[in-house]
Amino acid sequence: MQNYLEFEKPLAEIEGKAEELRAMARQNPEMDVEKEAQALDKKAQDLLVDLYQKLTPWRKCQVARHPDRPQCSDYINAIFTEYTPLAGDRNFADDYAVMGGLARLNDKPVMVIGHEKGKDTKSRIHHNFGMARPEGYRKAIRLMDMADRFGLPVITLVDTQGAYPGKGAEERGQSEAIARSTEKCLSLGVPLISIIIGEGGSGGAVAFATADKLAMLEHSVYSVISPEGCASILWKDAGKMREAAEALRLTAQDLKKLGVADVVIPEPIGGAQRNTEDTIQNVKAALDEMLGQLEKKKPDTLRKGRRKKYLDMGSKSLV
């Protein structure tokens with residue numbers, strides 16, 4: 001069953017009418033409604049194209065959060081082979097919001113790490129809605145250390161609204177864990193590629209995405225704070241999230257111009273949630289290209305290039 005976003009309601013009505021006609025025809029084979037249904041299909045497709053060509057930053061936030069978008073586990077299962085999950089930070093616990101392990105990409109060994117949000121109520125609670133605790137970041141550090149030791153490229157798949165803000169997480173050193181993970185990203189002597197597949201929220205995303213190459217799916221977002229949080233701070237009104245989304249410049253297109261994102265990966269019309277298979281293939285093609293650009297570089301060259309990239313950040317404008 002298709003989940004529709006708020007701005008997709010007119011589309012839902014048209015597609016619903018087409019399905020109603022076909023349901024009537026299934027119940028009464030003598031009815032010939034295919035011509036009318038196809039006309040509605042064309043109208044729906046035209047509207048879909050129009051809607052997604054004119055997405056505002058706030059609507060892009062809604063698409064990035066769509067519950068049907070492919071998640072980290074979907075990409076791992078479809079793109080990588082011989083995936084062997086590795087658990088725990090060897091200190092406190094395993095964090096189910098962060099998954100990672102050894103795998104092969106085109107038969108080349110890599111380390112893949114990512115946020116997992118969950119797909120239904122039970123799994124979302126299990127994965128803490130993709131919000132990592134300190135042990136999640138320490139697990140990521142452990143896996144990046146292992147990759148560095150054995151010369152394996154690191155691939156991170158980012159999809160989180162931010163690090164978990166709970167009392168227990170703060171008591172266990174949330175900010176320190178995020179800082180250490182960011183530091184580890186900068187110090188790696190192996191290629192580090194990060195892809196924002198949905199939301200890239202705050203330090204919880206930066207801790208995985210301080211990479212040689214940062215790619216973003218076309219309708220993903222990446223920001224220091226959520227639009228609702230920004231609106232609450234600036235205007236004391238979370239309802240001004242549309243204005244905040246505009247001001248934050250959080251879209252892939254703006255961040256590419258600003259030099260934060262290196263690659264924008266196209267999504268099918270209607271977003272990744274409408275065609276998971278094509279989206280995953282687009283991500284795989286981008287991964288192959290970026291890894292090819294980095295895999296021959298020496299450790300010192302990678303570290304220097306990464307450092308320069310982040311020191312230069314902020315020097316570009318949208319003009």
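Start at the lining of the largest cavity in this predicted model: its residues divide into five nonpolar, five polar and two charged. To display the lining, select C61, R65, Q161, E199, G200, G201, V221, S223, I225, S226, P227 and L250. The space they enclose has a volume of about 90 Å³. A search of the whole structure finds one cavity of 30 Å³ or more. Which strand gives the most to this lining? Colour β5 (192–201); β5 gives the most, with three residues. Strand β7 also supplies at least two residues of the cavity lining.

**The largest pocket**

Stay with β7 (221–223) and add α9 (202–209), since each supplies at least two residues of the lining of the largest pocket. That pocket holds about 300 Å³ of space. It is lined by 16 residues, and those closest to its centre are Y222, S223, V224, L255 and V260. Helix α9 gives the most to this lining, with four residues. By class, the lining has eleven nonpolar, four polar and one charged residues. S223 is worth labelling: it is listed among the residues closest to the centre of the largest pocket and also lines the largest cavity.

**The second largest pocket**

Next, go to the second largest pocket, with a volume of about 220 Å³. Select R65, H66, P67, K117 and R124, which are the closest to its centre of the 13 residues that line it. The classes here are three nonpolar, four polar and six charged. Keep R65 and K117 on screen for the next stop.

**Salt bridges**

The structure holds 28 salt bridges. Show D159 and K117 as sticks; their side chains meet in a salt bridge of 3.3 Å, N to O. D159 lies in strand β4 and K117 in the loop between β3 (108–115) and α5, so this pair ties together parts that are 42 residues apart in sequence. Are the two partners buried or exposed? D159 counts as buried because its relative accessibility is 6%, and K117 is buried too, with a relative accessible area of 14%.

Move to D145 and K184, a salt bridge whose closest N and O atoms are 2.6 Å apart. D145 sits in helix α6 and K184 in helix α8 (residues 174–187), so distant parts of the chain, 39 residues apart, are linked by the pair. D145 is partly exposed at 29% relative accessible area, whereas K184 is buried at 16%.

Then select R306 and D212, where the closest N and O atoms of the salt bridge are 2.9 Å apart. R306 belongs to helix α14 (residues 299–312) and D212 to the loop between α9 and β6 (213–217), so the bridge ties together parts that are 94 residues apart in sequence. R306 has 0% relative accessibility and counts as buried; D212 is buried as well, with 11%.

To finish this stop, select R65, K117, D159, E199 and E228, which are joined into one network by salt bridges that share partners. Of these, R65 and E199 have already appeared in the lining of the largest cavity.

**Strand β4**

Return to β4 (residues 154–160) and pick I155, which is placed in that strand. I155 counts as buried, at 0% relative accessibility. Draw a distance from its C-alpha atom to that of R138: the two residues are 17 apart along the chain and the atoms are separated by 16 Å.

**Two loops with positive phi**

Which loop holds N128? N128 is in the loop between α5 (121–126) and α6 (134–150). Its phi is positive, about 55 degrees, although N128 is not a glycine. N128 is buried, with a relative accessible area of 11%.

R249 is the next residue to select, in the loop between α11 and α12 (252–257). R249 is likewise not a glycine, and its phi is positive, near 55 degrees. At 38% relative accessibility, R249 counts as partly exposed.

**A nonpolar surface patch**

For the last stop, switch on the surface and select I233, L234 and W235, which make a nonpolar surface patch of about 320 Å². W235 is found in the loop between α10 (227–234) and α11 (241–248). W235 counts as partly exposed, with 36% relative accessibility.

How values were computed. Residues numbered from 1 in each chain as written. Predicted model: local features only at pLDDT ≥ 70, side-chain atom pairs only at ≥ 80, totals over all residues. Heavy atoms only, no water. Patch = residues over 30% accessible without salt bridge, like charges linked within 9 Å, V, L, I, M, F, W, Y side chains within 5 Å. Areas by Shrake-Rupley, 256 points an atom, 1.4 Å probe, with all protein chains shown as cover. Salt bridge = Lys/Arg side-chain N within 4 Å of Asp/Glu carboxyl O. Buried < 20%, exposed > 50% of the residue type's maximum accessible area, 1.4 Å probe, protein only. 1 Å grid on protein atoms, 1.4 Å probe; cavity = no way out; pocket = protein on both sides within 12 Å on 5 of 7 lines; lining within 4 Å. Points joined across faces, edges and corners; volume = space filled by probe spheres on them. Nonpolar A, V, L, I, M, F, W, Y, C, P; charged D, E, K, R; others polar.
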